[in-house]
Amino acid sequence: MASDAAPAAAASSGAGPFSRLEWMIAWRYLRARRREGVISVIAGFSLAGITLGVATLIIVMAVMNGFRVELIDRIVGAQAHVTVLPYDRGNLEGYDALAADVATVPGVVRAAPVIEKQVPLSGPSGNAGALLRGMAASDIRQLSGVSDPEAAQGSLDRFEEGIAIGAGVARTLGLALGDRVTLLNPRGTVTAFGVIPKTKAYEVVYIFRIGMSQFDNALVFLPLEEAQTFFNMPHRVDQIEVMVEDPDTVADPTAQSIVGTIDDRILSAVGDRGFLWSWKRANGSFIAALDVERAVMFIILSLIILVAALNIISGLIMLVKDKGRDIAILRTMGLSKGAVLRVFFICGAFIGVVGTVVGCLLGVLFVVYIQEIQAAVEWVMGGQVWDPQIRFLTRVPAHMVPSDVIITVTIALSLSFFATWYPARRAARMDPVEALRHE
């Protein structure tokens, strides 16, 4: 047997890196045998650890991205991307000309005059405060979060005949479709005896649920002309609501300059007639919290892959110790240090590559079929595992970004290769004489 191996070993020393012999020896070391069963178990756990780590990281990042996309879609679907506010608060005259100027800016989809006021409301079940927005019927239909919400009752076709309210407001006031809700304007009519609050009842013609409590529990929409009359603001509004093609192009609130951005172009059209306020500024802390949570989850779940990589180190070190006599014999038969290093590098890298590939496939398949998996789990459990009343989302959101998958695979392979290097180098530096002396 030794006479057969010697020519092969000698031949391999002159062959290129990762020769057939090196792969054959590495494969024999990876196969389970009775005497080295513990090593094979450790290798199996390392493989399972990397597989689960990669799959879990891909799934969690996809769900986190899904949450961000879903929530931001609801935010930008219910409020302006950019708002033009007057320097003289609540007194924006000549708004038609201003809205027309802003609408001509490249990248702007719509510029609509809006009245926005905090008002008390009363209904059958009590009183509540709400954010009332006066908008034209044609403009409210272009708010995707309101015109095409998660759930709705009634129709916007009758919007000019009544009022549209959020589902949370309707629940608080005990309102249903067709009921009447009373609005109060504390700054009502000025008389000789002082200011008399103004009240008026409107029919509820549309109830919407966007899916975010901050909107569903606060928003109320009234036709623009009716709002101007109710708040004694004839021919005036207090802001211009601007919608753009891509809300992400709006300047970040931490940016030092807005030069070259769509904010800059809108501001040029506005001139000295007002200033800008964007959805990113209004929701900056919320978006920052999502980004921080996503980054922290990525770091924490990456530790799973690191632990699996450490298992590769321990398994290979035990394999090197167990194969000390074999290494010494191969070295004396002509196998070079580099060949020994590559043999054990192949052993560790094989675990890392196979675990990464299998984990990547499992993670991607889980994300693709996450709705079917949710339905299957709920069918087995006989109940909901994702209560929309609590999370305000009817399904588990998942949005897979290719760059996240690439980064996850790169980290897993890098950690596996680095973990393999030390025990492989230790095997290559083993002295054959010392190894055989202790046998």
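**Close-up views of a predicted model**

Helix α14 contributes three residues to the nonpolar patch, the most of any element. The structure shown is a predicted model.

**View 1. A nonpolar patch on the surface involves V353, V357, L361 and F417.** These residues make a patch of about 320 Å². F417 is located in helix α17. With a relative accessible area of 31%, F417 is partly exposed, because partly exposed residues fall between the limits of 20% and 50%.

**View 2. F345 and F417 form a tilted aromatic pair.** F345 is buried, at 18% relative accessibility, whereas F417 is partly exposed, at 31%. The ring centres of F345 and F417 are 5.7 Å apart and the planes meet at 40 degrees, so the pair counts as tilted. F345 belongs to helix α14 (residues 337-368) and F417 to helix α17 (residues 402-428), so the pair ties together parts 72 residues apart in sequence. F417 thus appears in this pair and also in the nonpolar patch of View 1.

**View 3. Y202 and F230 form an edge-to-face aromatic pair.** In the whole structure, a search finds six aromatic pairs. One of them joins Y202 and F230, with 6.4 Å from centre to centre and 75 degrees between the planes. Y202 is in strand β7 (residues 194-209) and F230 is in helix α9 (residues 224-230), so this pair ties together parts that are 28 residues apart in sequence. Are these two residues buried or exposed? Y202 has a relative accessible area of 6% and is buried. F230 is also buried, with a relative accessibility of 1%.

**View 4. Y202 and F230 belong to an aromatic cluster with F231.** The cluster consists of Y202, F230 and F231. Within the cluster, the rings of Y202 and F230 are the edge-to-face pair of View 3.

**View 5. T51 sits in helix α3 and is buried.** Helix α3 covers residues 37-76. The relative accessibility of T51 is 10%, so T51 counts as buried. Which backbone oxygen lies 2.8 Å from a polar atom of the T51 side chain? The backbone oxygen of L47 does. The backbone oxygen of G355 lies 3.3 Å from a polar atom of the T51 side chain. When neighbours within four places in sequence are left aside, T51 is in contact with G355, V358, G359 and L362. G355 therefore appears twice for T51, through its backbone oxygen and in the list of contacts, where contact means heavy atoms within 4.5 Å.

Key: Residues numbered from 1 in each chain as written. Predicted model: local features only at pLDDT ≥ 70, side-chain atom pairs only at ≥ 80, totals over all residues. Heavy atoms only, no water. Phe/Tyr/Trp six-rings, centres within 6.5 Å; stacked < 30°, edge-to-face > 60°. Helix = DSSP H or I, 4+ residues; strand = E, 2+ residues; numbered from the N terminus. Buried < 20%, exposed > 50% of the residue type's maximum accessible area, 1.4 Å probe, protein only. Patch = residues over 30% accessible without salt bridge, like charges linked within 9 Å, V, L, I, M, F, W, Y side chains within 5 Å. Areas by Shrake-Rupley, 256 points an atom, 1.4 Å probe, with all protein chains shown as cover. Salt bridge = Lys/Arg side-chain N within 4 Å of Asp/Glu carboxyl O. Polar contact = N/O pair within 3.5 Å; in protein donor to acceptor, adjacent residues only side chain to side chain.
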